Amino acid sequence: QCDIECNGLVPKEDYTRSREDILEKEAGLQSLYKNETLRKGEVHEVLVEADVEGVITWDFDCVLGEVQFSVSLRTFSQAHCNSSLAAMAQMAGITTPSPTQSPTDHYTDEIVEDSTVTVYQEGDSVQGSYYVSRPGSYVLTWSHVTSTAS
């Protein structure tokens, strides 16, 4: 016997889903998450391109040890812009002198406002978000924290 009136609303508790729908949803969630292992001295970065009024979110667990986490806005130097122009000129067959610089000479990372570098302990489960105020390249950074013994 069904307690649902003809042409009436179906209560959510009476909804049914196929096994395929459930498996598809689980697969989608699994593809959202990525496991990373950080060892002593290691750093993991995720680069996110964001527009104004966008939202950057994160969700992670600190399973063992301690992890330092920060959100930064990456700004590129004039030298980087010039090197990009030099690369385009080279593709066009125009030769230019190329300065010797390391890749990190091309950008700086500045911790975003309303954010700090935070250390999380073993067992912490962290969820957060940042509302983008300036468009650009944002970097989520996790680094292994080495405890100093006294």
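**Figure 1. The whole chain, element by element.** Helices (H or I, at least four residues) and strands (E, at least two) are runs from DSSP, numbered from the N terminus. With that rule, this protein chain has 2 helices and 7 strands. Follow the chain along its sequence and you'll meet them in the order α-β-β-β-α-β-β-β-β. This is a predicted model, so local features need a pLDDT of at least 70 and side-chain atom pairs count only at pLDDT 80 or more, while totals for chains, interfaces and linings use all residues. Residues are numbered from 1 along each chain as its sequence is written, and side-chain values use heavy atoms, leaving out hydrogens and water. Of the 150 residues in the chain, 20% are buried (under 20% relative accessible area, with exposed meaning over 50% and partly exposed in between, using a 1.4 Å probe on protein chains only). Take the contacts (heavy atoms within 4.5 Å) between residues at least 6 apart in sequence: 88% of them join residues at least 24 apart.

**Figure 2. The salt bridge between Arg-74 and Glu-45.** The structure holds 1 salt bridge (a side-chain nitrogen of Lys or Arg within 4 Å of a carboxyl oxygen of Asp or Glu). Here the side chains of Arg-74 and Glu-45 meet, at 3.3 Å from N to O. The two partners come from distant parts of the chain, 29 residues apart: Arg-74 belongs to strand E3 (residues 66–76) and Glu-45 to strand E1 (residues 43–50). Arg-74 counts as buried because its relative accessible area is 11%. Glu-45 has a relative accessibility of 40%, so this residue is partly exposed.

**Figure 3. Phe-60 and its aromatic company.** There are 6 aromatic pairs in the model (ring centres of Phe, Tyr or Trp, the last by its six-membered ring, within 6.5 Å; planes under 30 degrees apart are stacked, over 60 edge-to-face, the rest tilted). Phe-60 and Phe-69 make a tilted pair, with 5.1 Å centre to centre and 45° between the planes. Both of these Phe residues are buried. Phe-60 also pairs edge-to-face with Tyr-120, at 5.7 Å between centres and 85° between planes. That second pair bridges distant parts of the chain, since Phe-60 is in strand E2 and Tyr-120 in strand E5 (residues 118–120), 60 residues apart. Like Phe-60, Tyr-120 is buried. Zoom out a little and you'll find one aromatic cluster formed by Trp-58, Phe-60, Phe-69, Tyr-120 and Trp-142.

**Figure 4. Who lines the largest pocket?** The lining of the largest pocket counts 24 residues, and Lys-34, Asn-35, Glu-36, Phe-60 and Asp-61 lie nearest its centre. (On a 1 Å grid over the protein atoms alone, a pocket is an open set of points where a 1.4 Å probe fits, with protein on both sides within 12 Å along at least five of seven lines; lining residues have an atom within 4 Å of a point.) E1, strand E2 (55–61), E3 and E7 each give two or more residues to this lining. E2 supplies the largest share, 6 residues.

**Figure 5. Ser-143, tucked into strand E7.** Ser-143 lies in strand E7 (residues 136–145). This serine is buried because its relative accessibility is 13%. Setting aside neighbours within four places in sequence, Ser-143 is in contact with Leu-38, Glu-42, Val-43, Glu-66, Val-67 and Gln-68.

**Figure 6. Glu-53 and its positive phi.** Most residues other than glycine have a negative phi. Glu-53 isn't a glycine, yet its phi is positive, at about 70°. You'll find Glu-53 in the loop between E1 and E2. With 73% relative accessibility, Glu-53 counts as exposed.
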